[in-house]
Amino acid sequence: MLARTADNLYWLARYMERADALACILDAAQRLVAMPQATGATTNEWESAVATAGCVPGFRAKYDKADARTVVEFLAFAPENPASIRNCLDIGRQNARAVRTALTGEMWDAINGAWLELHNFKPGKTHGEELSRFISFIKETSLRFDGSAFRTMLRNDAYLFSRLGILIERADATARILDVKYHVLLPEPARVGGPLDYFQWVSILRSVSARTSYHWVYRDSVKPWLVADLLILNRQMPRSLASCYENLSRYLDDLAQFYGRQGNSQRLARGMLTTLSNAKMEDIFQSGLHEFIGKFLVENNRLGNAITEQYLA
Amino acid sequence: MESQSDSIWIDPTLAVGMELALTRPSNVSPAAFDEMRAPDGSIRPAYSALAGWLTATDQDVLEYRRREAEFIFRRIGITFAVYGEAEAQERLIPFDIIPRILTAVEWVKLSRGLEQRVKAINAYIRDIYSKREILRAGLLPEDLVYQNEAFRPEMNGQQVPHDIYVMIAGIDVVRTSPEEFFVLEDNTRVPSGVSYMLENREIMLRLFPELFAEHMVAPVENYIDDLLATLISVAPATAPREPTVALLTPGIYNSAYYEHSFLADKLGVELVEGRDLFVKGSVVYMRTTEGPKRVDVIYRRVDDDFLDPLVFRPDSVLGIPGLMSAYQAGNVTLANAVGTGVADDKAIYSYMPEIVKFYLGEEPLLNNVPTWRCREPEHLSYVLERLPELVVKEVHGSGGYGMLIGPTSDRKTIESFRAKLKHNPANFIAQPTLALSTCPTLVEKGVAPRHVDLRPFVLTGQDRVRIVPGGLTRVALKEGSLVVNSSQGGGIKDTWVVDL
């Protein structure tokens, strides 16, 4: 297939996944600030939402204060934020138009329909109940897009490139949440048990849509080190780093088989999968959760570049 | 030479005698041919079932179906861009749900004429870029060819496979009476609109299966197979047995991008932009995830000017540097060929009856609209005298822009156009206002006659000419209007060729 087509498919998938991740971040922040305990807290949940989305400088350039209005506006709608939900859908649809022939009708319907509906949500008016509606709309959009890709695409290179896009983006999003919130997950005795922290842990689970999954996996009350385990090492959890790399490695191998040739991206993905498979949570805490996550973000980015160089340029 | 042009000089009284009645301002002319209703009010046979259905169907139901059709169009993303309208970058062409009907007998006659015309056009272009016998015979003024912006000296002596230059033509025809079709315009560069022909039919089949049960409508969906067969048949001799075809688009900002992606998808060929292709050793390759892949036939939807910055416009970012060298080496076929515009400007148009006779030795089966060339002084003075009665068009104009429709224009418009015309007469031609036929159309107040034209698509391959029955019917939705262009408020209809 055309390198440009593959590139568009890959980025289309990334943008759709990013829109979903942003919606989850907004959802979690909105729930957390509604907690009475949060009112006296020193950290501002809206600020950490901006940090998790990775766009602090852009936000600071436009607003003085992070609150419900400014953050929702910036993360969901702001045209000057290249990674706002609106821009994700806009650019995603533009990519989709450019590779219309590589998409199934169902996938095009999902993204084009969402793009048309997006215009019903107005920046200044999306708060409270309307914000909840907006968040569900975005989540449903990515579900529909992902679902129609899964159900209708031929299992060929086009499918593999769109999967790779989703997984690279998903690994990045999960790692960013951990990067911003790592301090509440540290198993220091002093931090454990405070009511505020409890809601922080729950909020982290919510930001990866894993509130319920947690209990199915651990059958335990919410413990910070188990939250970290779920998001980093647990392969049952589709948004964990380990699960992302299990699939990245598999799909890259499929691609190598499809084309009959291996390259740098296959090696990088396998390397990270081995690291994650051999890691234990105790060791990660021991050598520093923050450092571990920081290194992961760099490596994940490196894999993204390797895929681009090998297939998409 | 003068005597040649005299032969197509049409006296206005003669024009009326030929039933080229002038339309009256601001209303459907009583002289316009109504394709459904005869002058005595009776329904013509082709429309009898449809007329019955229209009478039996409630206006609200029609309106509901119309909205449904619009919804489907928007959903599947059939939109077109209007240049110079920032806020309405993607617009829908209004779709009229009432089909336009031609009988199989009428169609056979029309399609014979189309085939003849396109054959002559191909012979003419070949001649222009080789022996130029038509110029030597004095049938065409030389400067009309050599000074023509669309003339490409790079094509002189260039061989093209099977001498086919125009593989895909869109010939605009209008109907003025039960028997008479006039060609309004030949589109021999990159004609568009065929995706609408195909999608209109899909939508009609979805919305009105009961109507198809009552009519024997000739299918159009085989257009895609015909197009692919045509493109493969003109592959260069050096190409493998299964040549690689690609469709070259200027990109998503082009007004016809939807059509490009639609066709590439149906054809099962890659939709490429200039940056996806490169030329090495006079061979064209596309960049794929597995490395370079050779391309043999390019169905290009990019104008000549932008094809190759090394030969044509150096500022073009849409083209492929070196493409012309590969083309000249015979390693790739471009469809349509380069330089075909020398056949479709409006000044050349006026010579089309001579061109048909000269190359085929046959009388033209389709009429040409009598045309005054303002470059010729006596034509000009005739036109200046009768501006309020005439349609004046730019020689290279398209899309319904830059034209004057005398009968529906006010004095001020006419006078300012007169100044433009006097300033550069060679840039204009004038024609009598044709009474375009009308078809029943769903408008706000119900079903009413509106003027229509028709663009059938003519495919010319190595083995034969293929024309699917029908084409794209465009309809002027405004009462009395004769401008059917989508950029100027025109709509579209499904076109049915039925066996009675």
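In the predicted model, Tyr159(A) and Tyr251(A) are both buried. The centres of the two rings are separated by 6.4 Å and their planes stand at 85 degrees, so the pair is classed as edge-to-face. Tyr159(A) belongs to helix H8 (residues 157–185) of chain A, whereas Tyr251(A) belongs to helix H12 (residues 241–259) of chain A; the pair therefore ties together parts that are 92 residues apart in sequence. Tyr159(A) also takes part in an arrangement with a charged residue, since the charged end of Arg155(A) sits over the ring of Tyr159(A), 4.0 Å from its centre.

A pair of aromatic rings is described by the distance of the centres and the angle of the planes. Over all chains, 27 aromatic pairs were counted. In one of these, the rings of Tyr63(A) and Phe74(A) have centres 6.1 Å apart and planes at 90 degrees, so this pair is edge-to-face. Distant parts of the chain are linked by this pair: Tyr63(A) is found in the loop between helix H3 (56–62) and helix H4 (68–77) of chain A, and Phe74(A), 11 residues apart from Tyr63(A), is in helix H4 of chain A. Both Tyr63(A) and Phe74(A) are buried. Ring pairs also form a cluster in chain A, made up of Phe77(A), Phe121(A), Phe134(A) and Phe137(A). In addition, Arg93(A) lies over the face of Trp115(A), at 3.8 Å from the ring centre.

Salt bridges were examined next. Side chains of opposite charge can pair when their charged atoms come close. A search of the whole structure gave 49 salt bridges over all chains. In chain A, Lys62(A) meets Glu73(A) in a salt bridge, with an N to O distance of 3.6 Å. Glu73(A) is located in helix H4 of chain A and Lys62(A) in helix H3 of chain A, so that this pair links distant parts of the chain, 11 residues apart. With a relative accessibility of 19%, Glu73(A) counts as buried, because the limit for a buried residue is under 20%. Lys62(A), at 37% relative accessibility, counts as partly exposed.

Lys62(A) forms a salt bridge with Glu80(A) as well, at 3.1 Å from N to O. Glu80(A) lies in the loop between H4 and H5 of chain A and Lys62(A) in helix H3 of chain A; the pair therefore ties together parts that are 18 residues apart in sequence. Glu80(A) is partly exposed, its relative accessible area being 44%.

In chain B, the side chains of Lys493(B) and Asp96(B) meet in a salt bridge, at 2.6 Å from N to O. Lys493(B) is part of strand E22 (residues 490–499) of chain B and Asp96(B) is part of strand E1 (residues 95–103) of chain B, so the pair ties together parts that are 397 residues apart in sequence. Lys493(B) is buried, with a relative accessible area of 0%, and Asp96(B) likewise counts as buried, at 4% relative accessibility.

The interface between the two chains was then considered. The size of an interface is often given as the accessible area lost when the parts come together. Chain A and chain B bury about 2100 Å² between them, and 46% of this area is on carbon and sulfur atoms. In chain A, the residues that lose the most area to chain B are Leu2(A), Arg4(A) and Arg97(A), which together account for 33% of what that side buries. In terms of contacts, 25 residues of chain A touch 22 residues of chain B.

Between chain A and chain B there are two salt bridges, together with nine residue pairs in polar contact, both residues being at pLDDT 80 or more. Helix H1 (3–33), helix H5 (85–98), helix H6 (105–118) and H8 of chain A each supply at least two residues of the side of chain A that touches chain B. H6(A) gives the most to this side, with six residues. The side chain of Arg4(A) meets that of Asp276(B) in a salt bridge, with 2.5 Å from N to O. A network of salt bridges links Arg4(A), Glu273(B), Arg275(B) and Asp276(B).

Key: Residues numbered from 1 in each chain as written. Chains lettered and ligands numbered in written order. Predicted model: local features only at pLDDT ≥ 70, side-chain atom pairs only at ≥ 80, totals over all residues. Heavy atoms only, no water. Phe/Tyr/Trp six-rings, centres within 6.5 Å; stacked < 30°, edge-to-face > 60°. Helix = DSSP H or I, 4+ residues; strand = E, 2+ residues; numbered from the N terminus. Buried < 20%, exposed > 50% of the residue type's maximum accessible area, 1.4 Å probe, protein only. Lys NZ or Arg CZ within 6 Å of the ring centre and 35° of its normal. Contact = heavy atoms within 4.5 Å. Buried area = accessible area lost by both parts, 1.4 Å probe. Salt bridge = Lys/Arg side-chain N within 4 Å of Asp/Glu carboxyl O. Polar contact = N/O pair within 3.5 Å; in protein donor to acceptor, adjacent residues only side chain to side chain.
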